[in-house]
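Here is a short tour for a reader new to this structure. Look over the sequence and the model first, then read on.

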Amino acid sequence: LNIRQDYRNQKVYTIDGASALEIDDGLSVEVIKDDQEGEGEERRYRYWIHIADADRWAPRNSDLFAAARRRGCSIYLPDGALSMMPTRISTQVMSLNANTDACALSLGVELAMDGSIIDSSIVVAPSRIRVSYRLTYDEVDEMIEDGIAFNEEWELGQLFAAAQARRAFRMKNGSAEAFVPTQIPQYSVSTFPDKKSPDNVGIKVDIQVSHNGGKNQSAIADSQNHASEQCDSLADELPVSSASTLVTEMMILAGEAIGKWALRETGTPSEEESSKENNIFLPYRSQPKPDYRSRAREKKIMMDLLEYNVGDGYCHAWYSRRFLSPVKVTSYAKPHSGLGLGCYVQWTSPIRRFQDLQAHAAIKRYLRRQKVIELCANDLPVPPAVTSDDLGCSLLAKNGEGPRKLDLNEVDSDIDYDDRTKLLGPSRFVMRSSQKYWMLEYIRRLHDSDPGLTLEALVLGCVNPAKRQYAIYIYELGLEWRYSSPVSIQAGNKFKVRVGTVIPQNGQLAFVRIHA
């Protein structure tokens, strides 16, 4: 049908961790040239998010699609990964590797001055791209800090400026970054071969806020030097990662833009039926606003924690979690309060998430149907190679002369966005359990090398008043843990602790308070 566009003239960047092998998103900037534009007028930019076209290689009813469906998602562990797709495929032809032609599903969008999306500007198309630079987060941070991103690689600087505008726009709309201005940094564990370590396995711990945090404080510890060179709480943390903000905001932008594009294309503002003949159904993610009306006392406690900056904001961040509602997935658009958006669709990781792969199929099928409708309207033949699987609906013959019309009564009836979602919970449990095991093993090694090691603890809040059980945060480890105190303590209290008991195999860890 010739709907794949050639965007190989664009300078495309991919930004990932240094060890990433599955590269599923790239970014570029296009300067919009307007014939009416006069001298002195500001440039217009279209921001492009290119997502690996996994559906190109794993179409519905293929063996690869079946393999992805069986697993449901990729699982990432400290000591390796279980990919949703076979790695020889996901890291090669599926990935957006540098200096190689690659198939993508591309979305272009312009932004208004306040960071909002200009709905009429959204462009979506299967594409062919060629990645110019494969960069790491650290490299992009350095390029932004050194000014290279605003000169030789000005596109990176423009993407970063757009990301900042988007973050401000979402916070103004009440996103989680505005609701919880200070995020609690959390640990993330990875392992590596090391002949000097027990079992020849070294452990590295990164301490950072989640990808969607408002303040991206981070620190790095490792089992080789932590015991002798302890961090001084927040003092030794690394600065905010501009690259992380850039990528996070561009992916969130892609999620909002694809949702707005679908609404624009089908004329479906909310739960109403589509007003157009061709339709598209996407998995819209939504989250209701926190319910304060029935919880006035709890809200006052939370606001007091924020106003008085108890625990440098960490106590407010911990307490506020009780107000957050679970995310729901529906076939129609509803607001996502956590992101501060009117609609949002998750579709940027088709190599790693089965639901995203299905969203890609729905988007491409819609575009193919639009092309077939255009051909039929102009009495032009539909290529015989086009199948019902390609279109998500049947092709009807006209007077026995061959396919001339689409049956649009039931489109994409074979796409079920709930399919395999039950695997996500167990997958997350496995990932959390593995992270926990290796973190406790890391702590065990610290304790073995220095039994007198002292750590700084912050009381986040009370979990069970009757049992005097509290949530504490260990700064040097980025670890939240339960602590039973013989006496009452208050949120915001800080004290020194040492490791009492740690048994990684049983998930056991106990801290003992050190009294001055």
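A residue is called buried under 20% relative accessible area, exposed over 50%, and partly exposed in between. The model is predicted.

**A loop residue**

Arg322 has a relative accessibility of 33%, so it counts as partly exposed. Arg322 sits in the loop between helix 9 (314–320) and strand 13 (328–330). Which residues does Arg322 contact, leaving aside neighbours within four places in sequence? They are Arg295 and Glu298. Pro290 is 32 residues from Arg322 along the chain, and the two C-alpha atoms are 9.1 Å apart.

**Two asparagines with positive phi**

Most residues other than glycine have a negative phi. Asn2 goes the other way, with a positive phi of about 60 degrees. Asn99 also has a positive phi, of about 60 degrees. The table sets out place and accessibility.

| Residue | Place | Relative accessibility |
|---|---|---|
| Asn2 | segment before strand 1 (5–6) | 76%, exposed |
| Asn99 | loop between helix 3 (87–90) and strand 7 (101–109) | 52%, exposed |

**A helix pair**

Two packed helices are described by the angle between their axes and the distance between the axes. Take helix 5 (residues 154–172) and helix 7 (residues 242–266). Their axes come within 8 Å and cross at roughly 65 degrees. Angles of 65 to 115 degrees count as roughly perpendicular. Helix 5 and helix 7 are therefore roughly perpendicular to each other. The crossing of helix 5 past helix 7 is left-handed.

Which residues meet here, from helix 5 and helix 7? Helix 5 brings Leu156, Leu159, Phe160, Ala162 and Ala163, among others, and also Arg166, Arg167 and Arg170. From helix 7 come residues including Ser242, Thr245, Leu246, Glu249, Met250 and Glu256. By class, this contact of helix 5 with helix 7 holds nine nonpolar, three polar and five charged residues.

**The nonpolar cores**

How many residues are in the largest nonpolar core? The count is 53. Trp261, Leu282, Trp347 and Ile363 have the most contacts inside this core. Helix 7 gives the most to the core, with 12 residues.

Trp261 touches Ile122, Val124, Ile280, Ile363, Tyr366 and Leu367, not counting residues up to four places away in sequence. A second, separate core has 46 residues. Among them are Leu440, Leu446, Leu479 and Ile489.

Notes. Residues are numbered from 1 along each chain as its sequence is written. This is a predicted model: local features need pLDDT of at least 70, side-chain atom pairs count only at pLDDT 80 or more; totals for chains, interfaces and linings use all residues. Side-chain values use heavy atoms; hydrogens and water are left out. Axes are lines fitted to C-alpha atoms, for helices over the stretch in contact, and angles run from 0 to 180 degrees between N-to-C directions. Helices (H or I, at least four residues) and strands (E, at least two) are DSSP runs, numbered from the N terminus. Angles under 35 degrees count as roughly parallel, over 145 as roughly antiparallel, 65 to 115 as roughly perpendicular and the rest as oblique. A crossing is left-handed if the near helix is turned anticlockwise from the far one by less than a right angle, and right-handed if clockwise. Contact means heavy atoms within 4.5 Å. Ala, Val, Leu, Ile, Met, Phe, Trp, Tyr, Cys and Pro count as nonpolar, Asp, Glu, Lys and Arg as charged, and the others, Gly among them, as polar. A nonpolar core is a set of buried Ala, Val, Leu, Ile, Met, Phe, Trp, Tyr and Cys residues joined through side-chain atoms within 4.5 Å. Buried means under 20% relative accessible area, exposed over 50%, partly exposed in between (1.4 Å probe, protein chains only).
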